[in-house]
Amino acid sequence: MTSEGSEDGRRARGDATRRKVARKAADIATTHGLDSITVGSLAAQVGVSKSGILTVFDNRESIQVAAVREASRVYRETVIAPALPSEPGKDRLRALVDAWVAYLMANTFPGGCFIAATTVEYGHREGVVAEAVRELKRQWLDFLAAELTAAHSDDPSGDAFRIDAFLNAGNNNCQLFGDDAELERARDLVLQVIG
């Protein structure tokens, strides 16, 4: 018979393992893709046995979905939350772009923007992982469109598309050429869209 304290301890250890594995999986997804994630490679990189990982995750697919959720959490904390105190509309959009550039310059993920990396990889696929990636992208575009509506944009969806395109190009070029100036260029172009 186990005591309540030992059950709480196991739960806490399981939660810690879950977070640690999900974060490492999100990191890997930005450099090698969600498809490259394996239980064996995660075990080696996070110092948890395969059986320890499979105790908290049912399968590889659940790890991939957890990676998307973890990336979403990180994105909300590092990109969205810093912008929220700003006035809705143009002020918040400017703060959002500044937070996005800071998120990439801080190398929050080793391969740049998680959303950019995974939407290309999963754009043509079906299933729960693809749907998690699509939902993350939808939330981002919807957030941009809502702020553009508050900023009185004539075409919130079109402007959200343009902003997202410039940010993706900045991320891609920064990753490819190793030059943060590409992020500054993306910021300047986005600010022109915001007005």
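The crossing of α4 and α7 is right-handed in this predicted model. Helix α4 comprises residues 60-83 and helix α7 residues 128-150, and the two pack at an angle of about 15° with their axes 8 Å apart. Angles under 35 degrees count as roughly parallel, and α4 and α7 are therefore roughly parallel to each other. On the α4 side, the residues that meet α7 are E61, Q64, V65, V68, S72, Y75, V79 and I80. Their counterparts in α7 are V128, V129, A132, V133, L136, Q139, W140 and F143. By class, this contact of α4 with α7 holds 12 nonpolar residues, 3 polar residues and 1 charged residue.

Helix α4 also packs against helix α6, which spans residues 114-122. The axes of α4 and α6 come within 10 Å and cross at roughly 145°, and the crossing is left-handed. From α4, the contact involves Q64, A67, V68, A71 and Y75; from α6, F114, I115 and Y122 take part. The residues of the contact of α4 with α6 divide into 7 nonpolar and 1 polar, with no charged residue. Q64, V68 and Y75 are listed in the contact of α4 with α7 and also in the contact of α4 with α6.

Two polar residues of α4 were examined individually. Q64, found in helix α4, has a relative accessible area of 4% and is therefore buried, the cut-off being under 20%. Leaving aside neighbours within four places in sequence, Q64 is in contact with L34, D35, Y122 and V129. Of these partners, Y122 belongs to the α6 side of the contact of α4 with α6, and V129 belongs to the α7 side of the contact of α4 with α7. S72 is likewise placed in helix α4 and counts as buried at 9% relative accessibility. When residues up to four places away in sequence are not counted, S72 touches L136 and Q139; both L136 and Q139 are among the α7 residues that meet α4. The C-alpha atoms of S72 and A99 are separated by 15 Å, with these positions 27 residues apart along the chain taken as their sequence distance.

Helix α5 (90-105) precedes the loop that leads to α6. R92 is placed in helix α5 and is buried, with a relative accessible area of 13%. Not counting residues up to four places away in sequence, R92 touches A83, L84, S86, E87, F143 and E147. Of these, A83 falls at the end of α4 as delimited by residues 60-83, while F143 and E147 fall within the range of α7, residues 128-150. F143 is also one of the α7 residues that meet α4.

Positive phi values occur at two positions in loops. N107 lies in the loop between α5 and α6 and has a positive phi of about 55° although it is not a glycine. The relative accessible area of N107 is 54%, and N107 is therefore exposed. H152 lies in the loop between α7 and α8; its phi is also positive, at about 65°, and H152 is not a glycine either. With a relative accessible area of 68%, H152 is exposed.

S153 lies in the loop between α7 and α8 (156-177). In contrast to H152, which is exposed, S153 counts as buried at 19% relative accessibility. Neighbours within four places in sequence aside, S153 is in contact with L148 and D159. The side chains of S153 and D159 are joined by a polar contact of 2.6 Å. L148 falls within the range of α7, residues 128-150, and D159 within that of α8, 156-177. S153 and P110 are 43 residues apart in sequence, and their C-alpha atoms are 34 Å apart in space.

At the level of the whole chain, the model contains 9 helices and 0 strands, so that the elements run α-α-α-α-α-α-α-α-α from the N terminus on. Along the principal axes, the C-alpha atoms fill a box of roughly 65 × 35 × 30 Å. Buried residues make up 45% of the 195 residues in the protein chain. Among contacts with a separation of 6 or more, 62% are accounted for by residues 24 or more positions apart.

Methods. Residues are numbered from 1 along each chain as its sequence is written. This is a predicted model: local features need pLDDT of at least 70, side-chain atom pairs count only at pLDDT 80 or more; totals for chains, interfaces and linings use all residues. Side-chain values use heavy atoms; hydrogens and water are left out. Axes are lines fitted to C-alpha atoms, for helices over the stretch in contact, and angles run from 0 to 180 degrees between N-to-C directions. Helices (H or I, at least four residues) and strands (E, at least two) are DSSP runs, numbered from the N terminus. Angles under 35 degrees count as roughly parallel, over 145 as roughly antiparallel, 65 to 115 as roughly perpendicular and the rest as oblique. A crossing is left-handed if the near helix is turned anticlockwise from the far one by less than a right angle, and right-handed if clockwise. Contact means heavy atoms within 4.5 Å. Ala, Val, Leu, Ile, Met, Phe, Trp, Tyr, Cys and Pro count as nonpolar, Asp, Glu, Lys and Arg as charged, and the others, Gly among them, as polar. Buried means under 20% relative accessible area, exposed over 50%, partly exposed in between (1.4 Å probe, protein chains only). A polar contact is a pair of N or O atoms within 3.5 Å; within protein, one must be able to donate a hydrogen and the other to accept it, and residues adjacent in sequence count only if both atoms are side-chain atoms.
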